[in-house]
Amino acid sequence: MAKRVRNHVNPLSILTEHSFEGFGNDRPMFVDVGACKGEFAAELLAKFPDHNFLLFEIRRPLAEALRQKFADDSNVAVFDGDAGRNFRAILEPCLKQGATIKQIFINFPDPWFKEKHKKRRFVNATFLQKLSEWLPESTEFVFQTDQESLFHETLEVVQESPFDQIEKFHTSVHGIPTHWERQKLLEKAPIWRMKFRAKTGLPRDRS
Ligand SMILES: C[S@@+](CC[C@H](N)C(=O)[O-])C[C@H]1O[C@@H](n2cnc3c(N)ncnc32)[C@H](O)[C@@H]1O
């Protein structure tokens, strides 16, 4: 029987924790949060074959398919579970090996519209505050969505966070539309996009 892949998984209910020894080199990294079937990551990998890729996907069957898809690519690592819960444990070893993070993609994240579910959103105030304590200042996030209310609410959260250097943009990042984005472009739906990073010069806890 085909495996059932749930549409939305509450990230707060998935307690899986991973560790990672890093890639063992200092190549720049791309991070894809919610990589789904990996179409975007595969095109990015073809364009930047000398970069490392960290892919997070909460739905385990999809994460397993991603592992198989990228089995021959030693510069791609896939993690199931909630990206937020595992972010520091996975990224920090890479940073300690001298790697830089080129971009963190949050492409078409689950919107969690209901007020009581908003704390499930990947980009939330508490998470950004915690990130600002260890993530290098130069790290750039790319956030894309077809949900206008999610975009504006996230923009407000980001504006009030240490990551308040914000730039809106209008075309597919690196010229690569994601799988979800392709569907939305076909439907002629508007897409909302921003990049954000921290102001430089904030005190950091690098312990
Ligand atoms: C709407 S889909 C977008 C997929 C892809 N990024 C794209 O643009 O085509 C959202 C994806 O994020 C995954 N996801 C949602 N919350 C997550 C979390 N906390 N950690 C990791 N993956 C998550 C979902 O399982 C799903 O594959």
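This briefing covers the fold, the ligand shell, one helix and two unusual backbone angles. The model is predicted. The protein has 6 helices and 7 strands. Its radius of gyration is 16 Å, which agrees with the value near 17 Å for a compact globule of 207 residues.

**Overall fold**
- From the N terminus on, the elements run β-α-β-α-β-α-β-α-β-α-β-α-β.
- Along the principal axes, the C-alpha atoms fill a box of roughly 45 × 40 × 35 Å.
- Buried residues make up 34% of the 207.
- Take the contacts between residues at least 6 apart in sequence: 74% of them join residues at least 24 apart.

**Ligand shell**
- The ligand has 22 residues around it, and those that come nearest are Pro 11, Gly 34, Ala 83, Thr 178 and Trp 180.
- Three elements give two or more residues to this shell: β2 (52-57), α3 (83-96) and α6 (179-186).
- The largest share comes from α6, with 3 residues.
- By class, the shell holds 12 nonpolar, 5 polar and 5 charged residues.

**Helix α3**
- This helix has 14 residues.
- From first C-alpha to last, α3 reaches 19 Å, close to the 20 Å expected at 1.5 Å a residue.
- Its buried residues are Ala 83, Gly 84, Asn 86, Phe 87, Leu 91 and Cys 94.
- An α-helix has 3.6 residues a turn, so residues three or four places apart point the same way.
- The cover over the buried residues of α3 includes the strands β1 (29-33), β2, β3 (76-80) and β4 (101-107).
- Helix α4 (125-131) is also part of that cover.
- Ala 83 has two roles here: it is buried in α3, and it is among the residues that come nearest to the ligand.
- Gly 98 follows α3, and its phi is positive, near 95°.

**Positive phi outside glycine**
- Trp 112 is not a glycine, yet its phi is positive, at about 45°.
- Trp 112 sits in the loop between β4 and α4.
- Trp 112 counts as partly exposed because it has 18 C-beta neighbours inside 10 Å, and a buried residue needs 20 or more.
- Lys 188 also is not a glycine and has a positive phi, of about 60°.
- The loop between α6 and β7 (192-197) holds Lys 188.
- Only 6 other C-beta atoms lie within 10 Å of Lys 188, so this residue is exposed; the cut-off is 12 or fewer.

Note on methods
Residues numbered from 1 in each chain as written. Predicted model: local features only at pLDDT ≥ 70, side-chain atom pairs only at ≥ 80, totals over all residues. Near = placed C-beta within 6 Å. Helix = DSSP H or I, 4+ residues; strand = E, 2+ residues; numbered from the N terminus. Nonpolar A, V, L, I, M, F, W, Y, C, P; charged D, E, K, R; others polar. Expected span 1.5 Å × (residues − 1). Contact = placed C-beta atoms within 7 Å. Rg over C-alpha atoms; globule rule 2.2 N^0.38 Å.
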